[in-house]
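Visitor: I'm new to this one. Could you show me around and explain the labels as we go?

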Amino acid sequence: MLPEYQFFPVSRPDKGAGGLTGEWRVVRPVVNESKCVSCGACYLWCPEGTILFSPGRKATVDYDYCKGCGVCANQCPVGAISMVKEVS
Ligand code: SF4
Ligand code: SF4
């Protein structure tokens, strides 16, 4: 018989698993709300769970935890997320 854990998802989204980002991020994702079609792909793919999303609403980003990795921008099917250089 398989152990119970093998029936769990591979991972569970957990906001800020890597902790607060601090000031080292060099680019940040910016959502163009006029392009966003509320598909949720960025929410599903973000490794830090920092995309705030619910069906029918536009995606937003919690910049306290976002690491600027760009996965969300690469996964967005309509190009609604741009990676923008941080300004100090
Ligand atoms: S840049 Fe990376 S950490 Fe930030 S919201 Fe997008 S996928 Fe998540
Ligand atoms: S992946 Fe793009 S279109 Fe889909 S919710 Fe995120 S920003 Fe909006």
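Guide: Sure. Keep in mind that this is a predicted model. Let's start with the largest nonpolar core, which has 13 residues. Val31, Cys42, Ile51, Val61, Cys72 and Ile81 have the most contacts inside it.

Visitor: What makes a set of residues a nonpolar core?

Guide: Its members are buried residues of kinds such as Val, Ile and Cys, joined through side-chain atoms within 4.5 Å. The 13 residues here meet that rule, so they are called a core. Take Val61: leaving out residues up to four places away in sequence, Val61 touches Pro29, Val31, Thr50, Ile51 and Cys66.

Visitor: Why is the space taken by ligand 1 called a cavity?

Guide: Because a 1.4 Å probe fits there but cannot get out, counting the protein atoms alone. The space taken by ligand 1 is the largest cavity, with about 80 Å³ of space. Its lining has 14 residues, and Cys46, Thr50, Cys66, Cys69 and Cys72 lie nearest its centre.

Visitor: How do you know that ligand 2 sits in the second largest cavity?

Guide: The test is that more than half of a molecule's atoms lie within 2 Å of the cavity's grid points. Ligand 2 passes, so we say that it sits in the second largest cavity. That cavity holds about 70 Å³ of space, and Cys36, Cys39, Cys42, Ala59 and Cys76 are the lining residues nearest its centre.

Visitor: What makes up the shell around ligand 2, by class?

Guide: The shell has 10 nonpolar residues, two polar and no charged. Cys36 and Val37 are among the residues around ligand 2, and both count as nonpolar because Cys and Val are in that class.

How values were computed:
Residues are numbered from 1 along each chain as its sequence is written. Chains are lettered from A and ligands numbered from 1 in the order in which they are written. Side-chain values use heavy atoms; hydrogens and water are left out. A residue is near a molecule or strand if one of its heavy atoms lies within 4 Å of it. On a 1 Å grid over the protein atoms alone, a cavity is a set of points where a 1.4 Å probe fits but cannot get out, and a pocket is an open set with protein on both sides within 12 Å along at least five of seven lines; lining residues have an atom within 4 Å of a point. Buried means under 20% relative accessible area, exposed over 50%, partly exposed in between (1.4 Å probe, protein chains only). Contact means heavy atoms within 4.5 Å. Grid points are joined across faces, edges and corners, and a volume is the space filled by probe spheres set on the points.
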